[in-house]
Amino acid sequence: MPEAETKASRLAQLGQAGRYFAQGLRLMVGLPDYGGYLEHMKRTHPDQEPMSYEAFFRERQQARYGGRAGKCC
């Protein structure tokens, strides 16, 4: 494999690792993965319109907290 292809391959792998790392961090702090949602919708539901980021975020908050936002118990 030529050196330029090897460098490009390493950069691509490093970029993918960075994306996985960032996704993991977002999941650890509870931020929903809108990019992953868009990829899923495109791959498995191409006939359906995906939610906007705002609607997606609200839906994920509702699913996580069950509408108890701002309440202690």
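pLDDT is the predictor's confidence in each residue, on a scale from 0 to 100. Keep that in mind as you set out, for what you have open is a predicted model.

**Colour by confidence**

Start with the whole chain coloured by pLDDT. The mean for the protein is 85, and 89% of its residues reach 70 or more. Now compare the elements: helix 2 has the highest mean pLDDT, at 91, and helix 1 the lowest, at 87.

**Switch to cartoon**

You should see three helices and zero strands. Following the sequence from its start, the pattern reads α-α-α. If you turn on a surface, the protein exposes about 6200 Å², and carbon and sulfur atoms supply 58% of that area. How much of the protein is buried? Of its 73 residues, 8% are.

**Select helix 1, then step past its end**

Helix 1 runs over residues 3-28. Its 26 residues reach 37 Å from the first C-alpha to the last, close to the 38 Å expected at 1.5 Å a residue. Move on to Gly30, just after this helix, and check its backbone: phi is positive here, at about 90 degrees.

Next pick Leu31, which sits in the loop that links helix 1 to helix 2 (34-44). Is Leu31 buried or exposed? The answer lies between the two: Leu31 has a relative accessible area of 40%, so it counts as partly exposed, the class between under 20% and over 50%.

Keep Leu31 selected and add Phe21, Leu25, Met28 and Val29. Together these five residues form a nonpolar patch on the surface, with about 540 Å² of accessible area.

**Show the aromatic side chains**

Display the rings next. Across the whole structure there are five aromatic pairs. Which residues form the aromatic cluster? Select Tyr34, Tyr37, Tyr53, Phe56 and Phe57, and you have it on screen.

**Finish on helix 3**

Select residues 53-65 for helix 3, which has 13 residues. From first C-alpha to last, helix 3 reaches 18 Å, close to the expected 18 Å at 1.5 Å a residue.

While you are there, show the side chains of Glu59 and Arg60. Side chains of opposite charge can pair when their charged atoms come close. Here Arg60 forms a salt bridge with Glu59, with the closest N and O atoms 2.9 Å apart. The structure holds one salt bridge, so there is no second one to look for. Both partners are partly exposed: Arg60 has a relative accessible area of 35%, and Glu59 has 33%.

Your last stop is Gly66, which follows helix 3 and has a positive phi, near 65 degrees.

Definitions and conventions
Residues numbered from 1 in each chain as written. Predicted model: local features only at pLDDT ≥ 70, side-chain atom pairs only at ≥ 80, totals over all residues. Heavy atoms only, no water. Patch = residues over 30% accessible without salt bridge, like charges linked within 9 Å, V, L, I, M, F, W, Y side chains within 5 Å. Areas by Shrake-Rupley, 256 points an atom, 1.4 Å probe, with all protein chains shown as cover. Salt bridge = Lys/Arg side-chain N within 4 Å of Asp/Glu carboxyl O. Helix = DSSP H or I, 4+ residues; strand = E, 2+ residues; numbered from the N terminus. Buried < 20%, exposed > 50% of the residue type's maximum accessible area, 1.4 Å probe, protein only. Expected span 1.5 Å × (residues − 1). Phe/Tyr/Trp six-rings, centres within 6.5 Å; stacked < 30°, edge-to-face > 60°.
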